[in-house]
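Pull up the model and let's take a walk through it together. We'll begin at one small spot and work outwards from there.

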Amino acid sequence: MRSAYSVEAVRHAEERLMARLPEGALMQRAAAGLAAACAGLLGRVYGARVVLLVGSGANGGDTLFAGARLARRGAGVAAVLLAPERTHGAGLAALLAAGGRVADDPFEPLAAADLVLDGITGIGGIGGLRPDAVPVARAARGSDAVVVAVDLPSGVEADSGEVRGEALRADLTVTFGTYKPGLLVDPAREYAGAVRLVDIGIGDELPSVAGLEALQHADLARMLPLPAAESDKYRRGVVGVVAGSARYPGAAVLAVAGALRGGAGAVRYVGPAADAVVSRFPECLVSAGPPGKAGRVQSWVVGPGIGENADAVREVLATGVPVLVDADGLRLLDAGDLSGREAPTLLTPHAGEAAALLGVAREEVEAARLASVRELSARYGATVLLKGSTTLVADPDGRAPVRANPMGSPWLATAGSGDVLSGLAGSLLAAGLDARDAGSAAAYLHGLAARLAAARGTPLTADDVAATLPAAWHDVREPGGGGVARRDARGGS
């Protein structure tokens with residue numbers, strides 16, 4: 001599990017540790033890890049040209065001390081001081097003593113740099129880069145140098161993942177002590193590049209519960225249900241699917257595909273697309289409706305392609321089993337239908353649907369994904385899976401960490417992909433996973449299936465993703481498996 005903590009939690013942890021360490025020891029740990037990461041990128045440190053973009057405070061100090069270490073190994077190191085009057089004094093002295101220099105012209109060393117260290121702002125930065133830093137940041141990004149962010153890319157917000165102004169996009173971010181939420185949540189995540197975590201010893205000082213977390217293969221392997229010797233279809237889980245219409249019969253087919261290939265013991269389909277469903281999946285049990293006459297189920301999926309069938313949404317929400325609401329079901333949802341529900345409810349909106357539920361513009365949701373998923377979950381009293389370039393899952397009580405999906409893939413930007421995800425998550429709900437686990441596990445498998453299909457050269461449609469779900473299950477469960485997907489899930493840590 002990759003855990004991310006707030007700026008406040010990180011600072012308190014650092015303060016407690018620094019109280020027991022010699023002065024400057026924590027900064028030296030960070031600088032050592034940062035210099036080692038840079039050396040690994042350069043390959044040959046001697047003769048390399050390194051530029052430090054140095055802001056004020058501890059972040060600038062980390063950058064200067066790391067530059068001093070590289071200079072002692074023979075790199076030519078030039079520092080661009082963006083806040084000269086507030087530059088970390090000891091760090092600057094160490095750099096100069098090691099043979100580094102301060103650049104008179106900030107643009108001169110960038111023109112020939114092999115590597116740029118971005119130490120302009122630290123984890124406390126809010127609101128994007130200051131105007132005087134923007135030209136230098138643009139020159140760094142426009143050079144041929146590799147850009148390494150120190151703890152966090154300058155201009156992005158650590159706690160929220162928001163980018164409210166200009167920011168410097170990194171090729172690698174070396175972060176200290178723990179992940180920060182902005183490194184796992186878009187749009188900030190896109191600025192971080194690969195992320196490497198350097199242990200500086202604050203782990204025991206951090207709170208027991210993180211603010212945000214991301215599953216990895218091993219976490220998912222422990223979570224996924226497997227059939228046992230005594231399993232039957234009910235023990236594995238029976239999913240009821242209310243989806244499709246005369247206009248959108250494919251939504252029904254894809255939702256059923258996600259449920260069946262996601263491990264369900266059986267699927268009961270309710271709706272007008274029964275012929276299309278049975279022609280693809282003869283094992284599916286079909287009914288014209290209403291849902292109450294379909295037979296016993298252990299979860300319901302309602303909404304994909306149902307048009308204006310609000311009665312079906314209300315009926316399944318009135319049951320005592322877990323319910324997933326997606327697509328048209330979200331548009332037809334009345335918050336009053338959720339009040340008093342004791343069984344888990346999982347809502348799975350994309351940014352546009354989330355915006356409609358919140359009464360804001362889509363752009364606001366995309367710019368503030370973490371705040372949006374928390375607000376949606378609290379307002380509707382349900383677990384919410386917010387789809388997008390970063391899929392996030394939040395519980396309404398706010399006590400458990402929000403889950404960020406590390407397996408997101410642009411290959412999922414295809415019609416019907418969300419229908420497959422709904423069926424898959426419904427199958428995990430039926431198997432007994434709670435809504436947060438079902439949503440985050442489904443998002444992980446869904447993204448992994450897309451990556452596996454794309455790696456095999458499959459022309460990626462939603463049907464291809466559904467067909468690859470069994471391979472994704474195997475990839476997670478097989479101890480020696482994983483390949484490129486497993487490496488991506490590690491996020492470079």
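Look for G47 in the loop between α2 (25-42) and β2. Keep in mind that this is a predicted model. Is G47 buried or exposed? Neither, quite: its relative accessibility is 49%, so G47 counts as partly exposed, given that exposed means over 50%. Setting aside residues up to four places away in sequence, G47 touches G74 and A75. A30 is another story: 17 residues separate G47 and A30 in sequence, and their C-alpha atoms are 23 Å apart in space.

Now step along into strand β2, residues 49-54. This strand runs parallel to strand β3 (residues 76-81), and six bridges join the two. If you want a spot to line them up by eye, find V50, which stands opposite V77 in β3.

Those two strands belong to a bigger arrangement. In what order do the seven strands of the open sheet come? Reading across, you get β4-β3-β2-β5-β6-β7-β8, with parallel pairing. The edges are β4 (101-102) and β8, each of which pairs on one side only. As a reminder, strands of a sheet pair through backbone hydrogen bonds, either parallel or antiparallel.

Head over to β7, residues 172-176. On one side is strand β6 (residues 146-150), which pairs with β7 in the parallel sense over three bridges. There, A149 stands opposite T173 in β7. Strand β8 (residues 194-198) also runs parallel to β7, and this time five bridges join the pair. Here the match to look for is L172, opposite A194 in β8.

Which way do the side chains of β7 go? L172, V174 and F176 point one way, while T173 and T175 point the other way. That fits the general pattern: in a regular strand the side chains alternate between the two faces of the sheet. Whichever way they point, all of these β7 residues are buried. Buried here means under 20% relative accessible area. With five of its five residues buried, β7 is largely enclosed by the rest of the structure, and that is why you may need to hide some atoms to see it.

For a contrast, go to helix α4 (residues 89-97), where you'll find A97. A97 has a relative accessibility of 71%, so it counts as exposed. Measure from A97 to R72 and you'll get 9.2 Å between C-alpha atoms, although the two are 25 residues apart in sequence.

Time to zoom out. The protein has 20 helices and 18 strands. Its radius of gyration is 25 Å, close to the 23 Å that the globule rule gives for 493 residues, so the protein is as compact as a globular protein of that length. Along the principal axes, its C-alpha atoms fill a box of roughly 80 × 45 × 40 Å.

What share of the 493 residues is buried? The figure is 58%. Plenty of the contacts span long stretches of chain, too: among those between residues at least 6 apart in sequence, 67% join residues at least 24 apart. As for the outside, the protein exposes about 19,300 Å², and carbon and sulfur atoms supply 51% of that area. Finally, the charges: there are 47 positive and 53 negative ones, and their mean positions are 5 Å apart.

Note on methods:
Residues numbered from 1 in each chain as written. Predicted model: local features only at pLDDT ≥ 70, side-chain atom pairs only at ≥ 80, totals over all residues. Heavy atoms only, no water. Buried < 20%, exposed > 50% of the residue type's maximum accessible area, 1.4 Å probe, protein only. Helix = DSSP H or I, 4+ residues; strand = E, 2+ residues; numbered from the N terminus. Pairing = 2+ DSSP bridges. Rg over C-alpha atoms; globule rule 2.2 N^0.38 Å. Contact = heavy atoms within 4.5 Å. Areas by Shrake-Rupley, 256 points an atom, 1.4 Å probe, with all protein chains shown as cover. Lys, Arg positive; Asp, Glu negative; His and termini not counted. Charge placed at Lys NZ, Arg CZ, Asp CG, Glu CD.
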